[in-house]
There are 2 protein chains.
Amino acid sequence: PREFAADEGAAEEFIRLFHAENPSAGPVEHRLREVMSEISMTGTYTHTSEELTFGARVAWRNSARCIGRLYWRSMRVRDRRHVETAEQVADECVGHLREAEQSGRIRPTITVFAPDRPGRPGPKIWNEQLIRYAGYREADGSVLGDPRYVDFTEMVRRWGWRGGAGTPFDVLPLVISAGQGTPKMFEVPEDAVVEVDLVHPSYPWFAEFGLRWHAIPAISNMCLEIGGICYPAAPFNGWYMGTEIGARNLGDADRYNLLEAVAVRLGLDTGHERTLWRDHALVELNVAVLHSFEAAGVTISDHHTESRRFLQHVEREEKAGRVCPADWTWIVPPMSGSATPVFHRYYDEAELSPAFVQHPEAVERGLGRLVN
Amino acid sequence: PREFAADEGAAEEFIRLFHAENPSAGPVEHRLREVMSEISMTGTYTHTSEELTFGARVAWRNSARCIGRLYWRSMRVRDRRHVETAEQVADECVGHLREAEQSGRIRPTITVFAPDRPGRPGPKIWNEQLIRYAGYREADGSVLGDPRYVDFTEMVRRWGWRGGAGTPFDVLPLVISAGQGTPKMFEVPEDAVVEVDLVHPSYPWFAEFGLRWHAIPAISNMCLEIGGICYPAAPFNGWYMGTEIGARNLGDADRYNLLEAVAVRLGLDTGHERTLWRDHALVELNVAVLHSFEAAGVTISDHHTESRRFLQHVEREEKAGRVCPADWTWIVPPMSGSATPVFHRYYDEAELSPAFVQHPEAVERGLGRLVN
Ligand code: HEM
Ligand code: HEM
């Protein structure tokens, strides 16, 4: 038995799905024979470019945690399966960032690099997202920047990263391993990183916090699995839903943890929970995020709008005769849950394929906790 | 085989649990023989008053949806198993309301009425809670009061309820059926219904909405199941967590639906979701609830405090070597989810016994949709 042979059952299931949803692709039996013979000869098989595009889009459609799936059909798929070296991967990641955003308008995009093949793993991007900020542990134990990436930052510094400008928002280098090689580091050129300075529409003092965030959320350490083939490097982006920045990245106690500082500037009594100072501060942080992105002309959406779109998506999927898998705990936004319509119902929980899969080692690598 | 015979396995499991957690209760084998012989002779068995008290408290401890379980050991248990007629049940429900609250201080309390026995069902309280407000459907299709109880209100009016004063907060009559009898209706005396007028600490205009809410949340249509015995009428109360009123009862689109009205009075632009007017209004509504209850001296807690208490409870349970079952989707508060520590972890999902069980017919009865 060959190593890493693509699973024939998974391959057949995908090829049948592709032909069922794409009747113009011709007879499925012919393509199935082709795929099976390729697997028996090489241990793997090669997706046509239509299969790849369809597979990536359906992996998005199947992402139970994603509220943003209404537009799954329109994702741009950049086929870079011929790209294998760390340098080329880094270049194409930068190209991805540049193409996904055009004068502020963000378009859902995925870049698919070489898959795992028998005896020859595909390249890997270690970073959780293409753009993330360093977290520097200071002498007094506090953290400058994003505490989530303290270990990752220490890892790249051990490997020779000189560090950024020393701000709370220094973009981390891309860490990419290709083949059996040790990982290499690449700076993301400044002009490929669109960022938005955060200001508040009513509180001028808000600007004094000196906050900003990057425009493009591009997850880069999930494996794209299509019909038994693993594409370990397949970074994808949508646009931000405001709460991801305002509630989670800037608000979470183990991230930038800004609720108290904002509440104090709002003049709220932080000595008593009953003033709901945390809730007040959370709303103002999120108002600032949405306002600033809109003012900068960068695509972003709010959780009320995305919730409505998501229910529209569920309805469309049901009309198409498909199950729409959804994980309530991820779909319901992290603030004002019951004020959004997605809160008030249950969802199917099927695990469907193609899919984006989070491998445990990839999680560890993305947090700088697995140094090989 | 006898009808409704208490399940012997469930009985044994409970008796063993009781003795394991109450070593002073004496040898378990003796009590087990007693219980089994009672079941074989009568088809059921009778809990000692210690078993009943323990069973009710553990049913609370096992309530996976309840964030308020830290104080499960201290619930007062009113043993009213001898009470069977509708009139007596109604009287004791009123007694429960009076005893659960003493000059504003609310104490977790349960009143346990007669259980189901072979050929002789226990009494049932139809209302979802002992205190709930009527919903009157108006000629123009709108609803005065609580839209959740429109069908229930129409049901009791068909049965001769004259209706309340015609305010948005008219307390519904208790609907109680005992034995095979048809259900009877009983008004809750005004002086047994503590209510709080809602005002806002910063916005005097808030009082003009004329809102109020009752002090005691007492669920009355869940079945208490202990060791194979069903107590269909066992109303229980804790104190309110503010979001139950401010986010759900007053905020939900299919309840009092007040977010837009509050947002308009706050001067927010409700034409664009991005102003987060819903989120702003939600915070102010909840500030008003917490402030008003506190000012009135009525026990209430906020979701941040209850979240911390709950994690303390989980920790204590783990230390005691027990699983603490919890349903994330119910435990995480309906607003500012990620600003509470309960958001950032997973929970065990075991279904343990004793338990409070929601029978589907009881749900329908509580919503006035099952008229028998
Ligand atoms: C178009 C705009 C999009 C929006 C507004 C959106 C929104 C979201 C949000 C809010 C989450 C939860 C994130 C968190 O709580 O950490 C999420 C998760 C996710 N989304 Fe989307 N998304 C979009 C596009 C995409 C695209 C293009 C893909 C893939 C092709 C995708 C795949 C996923 C996956 C796999 C997750 C789960 C990530 C994980 O497990 O950590 N999304 N999305
Ligand atoms: C002491 C203060 C208490 C607090 C703050 C509290 C809090 C809560 C909250 C916020 C919920 C969710 C309600 C919803 O979203 O509809 C809940 C549900 C629940 N609680 Fe508690 N609770 C308390 C006492 C109790 C007591 C004394 C019992 C039983 C003896 C209990 C049993 C339950 C049960 C069974 C549910 C689920 C109800 C359902 O399925 O609809 N709780 N609790």
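1. The shell around ligand 1 divides into twelve nonpolar, four polar and three charged residues. This is a predicted model. In total, 19 residues surround ligand 1. Those that come nearest are A:Trp60, A:Arg65, A:Cys66, A:Phe236 and A:Asn237.

2. Two side chains of chain A deserve a look at ligand 1. The side chain of A:Trp60 places an N or O atom 3.3 Å from a nitrogen atom of the ligand. For A:Arg65, a side-chain N or O atom is 2.7 Å from an oxygen atom of ligand 1.

3. Next, the site in chain B. Ligand 2 is surrounded by 19 residues. The closest are B:Trp60, B:Arg65, B:Cys66, B:Phe236 and B:Asn237. By class, this shell has twelve nonpolar, four polar and three charged residues.

4. The polar pairs at ligand 2 involve B:Trp60 and B:Arg65. A nitrogen atom of ligand 2 is 3.3 Å from a side-chain N or O atom of B:Trp60. An oxygen atom of ligand 2 lies 2.8 Å from a polar side-chain atom of B:Arg65.

5. How are the chains related? A turn of 180° and a shift of 0.0 Å along the axis lay chain B on chain A, with an RMSD of 0.0 Å. This is the relation of a two-fold axis.

6. The contact takes 38 residues from chain A and 38 residues from chain B. Of the interface residues of chain B, 100% are also interface residues in chain A, so the copies meet through the same surface.

7. Interface size is often quoted as the accessible area lost when the parts come together. Here, the area buried between chain B and chain A is about 3100 Å². Carbon and sulfur atoms give 56% of that area.

8. Four salt bridges are counted between chain B and chain A. One of them joins B:Glu273 to A:Arg308, with the closest N and O atoms 3.1 Å apart. Across the interface, 14 residue pairs are in polar contact, both residues being at pLDDT 80 or more.

9. Which elements supply the side of chain B that touches chain A? Helix H6 (242-249), helix H8 (277-296), strand S17 (300-301), helix H9 (303-319) and helix H10 (328-331) of chain B each give at least two residues. The largest share, ten residues, comes from H8(B). By class, the residues on this side of chain B are 15 nonpolar, twelve polar and eleven charged.

Technical notes
Residues numbered from 1 in each chain as written. Chains lettered and ligands numbered in written order. Predicted model: local features only at pLDDT ≥ 70, side-chain atom pairs only at ≥ 80, totals over all residues. Heavy atoms only, no water. Near = heavy atom within 4 Å. Polar contact = N/O pair within 3.5 Å; in protein donor to acceptor, adjacent residues only side chain to side chain. Nonpolar A, V, L, I, M, F, W, Y, C, P; charged D, E, K, R; others polar. Least-squares fit on C-alpha atoms with pLDDT ≥ 70 in both. Contact = heavy atoms within 4.5 Å. Buried area = accessible area lost by both parts, 1.4 Å probe. Salt bridge = Lys/Arg side-chain N within 4 Å of Asp/Glu carboxyl O. Helix = DSSP H or I, 4+ residues; strand = E, 2+ residues; numbered from the N terminus.
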